[in-house]
Amino acid sequence: MRFSVHGDSDGDTGDDLLFVLGWGNEPEHEHVSWLVDRLTDDYRVHAVTIPTNGWDFDDQYLAPVRAYYENRDFEVVLSHSTGGLVAEHLSDAVDGVRNVFLSPWWGTAPNEGFESVVLPYFLRIPTSKRLFRPDRDVSAIGDLKSEDEYDDGPDGLSPAFLRTILDAQARLPAFDDEDVVFASLSDRIVSVRAIGDRTPAANLRPYDGGHEFFASSGREAVVEDVMAALDEGVEAIR
């Protein structure tokens, strides 16, 4: 796991923001960098690049983020996708966490062939080797996502990784009514139903675009709402 700080280091930027990135995302990626740059207008951003093939969620994902969070003073936590799974567990592990989630991975997207037939057997394989690569669909990420950046991402999923993710999804804590969730209702990467089942309508801000709003054409409008939610909380979208 890697932590990097972006923004004015002498404290003039404003409050500190913890941003837990999604699976395979790095601050240097074109569209992640676009979002980080916007965030640094108001915050000193502490970006968390998470492991892409861990096998122990609590030790390898939650514990390092918790230790980093507890040693600093954060006003709010922003997270995307798998980062949203980590951030939700963080809010249960320590007091006072206020979250803004972007397309959180709280459940797997439906995939009838793999999920109903192959997945039960796949999960039993005792290995951390990346044996499964999901169907390639760059457009599901966002219409601005480049083929090259997509191809440079992690090369598949391992049984060990999926086991620990599914376990973490199965024991999610109760939703905090002060949190805000941004999600595309057409998201094909994570389960929209899992997001809807957990999130009250008053806390949900739907947007048009792919799994990464920041790699989607309508991102300018969405980022303004994200910035407002970071500043004002759930009242910004009500």
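## Charge, core and backbone in a predicted model

Student: In this predicted model, which residues gather in a patch of negative charge on the surface?

Tutor: The structure is a predicted model, and what follows should be read in that light. The patch lies on the surface and its charge is negative. The residues that gather in it are Asp15, Asp37, Asp41, Asp42, Asp73, Glu75, Asp231 and Glu232.

Student: Is Asp42 of that patch buried, partly exposed or exposed?

Tutor: Asp42 sits in the loop between helix H1 (30–39) and strand S3 (43–49). Its relative accessibility is 42%, and the class of partly exposed runs between the 20% under which a residue is buried and the 50% over which it is exposed. Asp42 therefore counts as partly exposed.

Student: Which residues have the most contacts inside the largest nonpolar core?

Tutor: As background, in soluble globular proteins nonpolar side chains tend to be buried together. Here the largest nonpolar core has 37 residues. Those with the most contacts inside this core are Leu18, Val20, Phe57, Tyr69, Val77, Leu90 and Trp106.

Student: Which element gives the largest share of this core?

Tutor: Several elements each supply at least two residues of the core, among them strand S2 (15–20), helix H2 (57–70), strand S4 (74–80) and helix H3 (82–93). Others that do so include helix H4 (112–122), helix H6 (159–170), strand S6 (180–183) and helix H7 (192–198). The largest share is six residues, and the element that gives it is H2.

Student: How many salt bridges does a search of the whole structure find?

Tutor: Side chains of opposite charge can pair when their charged atoms come close. A search that covers the whole structure finds a number of salt bridges equal to 16.

Student: How far apart are the closest N and O atoms in the salt bridge of Arg2 with Glu26?

Tutor: This pair links distant parts of the chain, with Arg2 in strand S1 (residues 2–6) and Glu26 in the loop between S2 and H1, 24 residues apart. Arg2 is partly exposed at 34% relative accessibility, and Glu26 is likewise partly exposed, at 33%. The closest N and O atoms of the two residues are separated by 4.0 Å.

Student: Are Lys145 and Glu149, which meet in a salt bridge, buried or exposed?

Tutor: The N to O distance between the side chains of Lys145 and Glu149 is 2.8 Å. Lys145 has a relative accessible area of 12% and Glu149 has 14%, and buried means under 20%. Lys145 is therefore buried, and Glu149 also counts as buried.

Student: Which residue meets Arg205 in a salt bridge?

Tutor: Arg205 lies in strand S7 (residues 204–206), and its partner lies in helix H8 (residues 219–232), 20 residues away, so the pair links distant parts of the chain. Arg205 is buried, with a relative accessible area of 18%, whereas the partner is partly exposed at 26%. The N to O distance is 2.4 Å, and the partner is Asp225.

Student: Which residues are joined into one network by salt bridges that share partners?

Tutor: Arg2 forms a salt bridge with Glu26, and this pair belongs to a network in which salt bridges share partners. The residues joined in that network are Arg2, Glu26 and Glu28.

Student: What is the phi of Ser81?

Tutor: Most residues other than glycine have a negative phi. Ser81, in the loop between S4 and H3, is buried with a relative accessible area of 7%. Although Ser81 is not a glycine, its phi is positive, at about 55°.

Student: What is the phi of Ser103?

Tutor: Ser103 lies in the loop between strand S5 (99–102) and H4, and at 1% relative accessibility it counts as buried. Ser103 is a residue other than glycine with a positive phi, and the value is near 45°.

Student: What distance separates the C-alpha atoms of Ser33 and Phe214?

Tutor: Ser33 is found in helix H1, and at 24% relative accessibility Ser33 counts as partly exposed. Ser33 and Phe214 are 181 residues apart along the chain, and the distance between their C-alpha atoms is 9.3 Å.

Key. Residues are numbered from 1 along each chain as its sequence is written. This is a predicted model: local features need pLDDT of at least 70, side-chain atom pairs count only at pLDDT 80 or more; totals for chains, interfaces and linings use all residues. Side-chain values use heavy atoms; hydrogens and water are left out. Patches are made of residues with over 30% relative accessible area and no salt bridge: like charges are joined within 9 Å, nonpolar side chains (Val, Leu, Ile, Met, Phe, Trp, Tyr) within 5 Å. Accessible areas come from the Shrake-Rupley method with a 1.4 Å probe; for residues, only the protein chains shown count as cover. Lys and Arg count as positive and Asp and Glu as negative; His and the chain ends are not counted. The place of a charge is taken as NZ of Lys, CZ of Arg, CG of Asp or CD of Glu. Helices (H or I, at least four residues) and strands (E, at least two) are DSSP runs, numbered from the N terminus. Buried means under 20% relative accessible area, exposed over 50%, partly exposed in between (1.4 Å probe, protein chains only). A nonpolar core is a set of buried Ala, Val, Leu, Ile, Met, Phe, Trp, Tyr and Cys residues joined through side-chain atoms within 4.5 Å.
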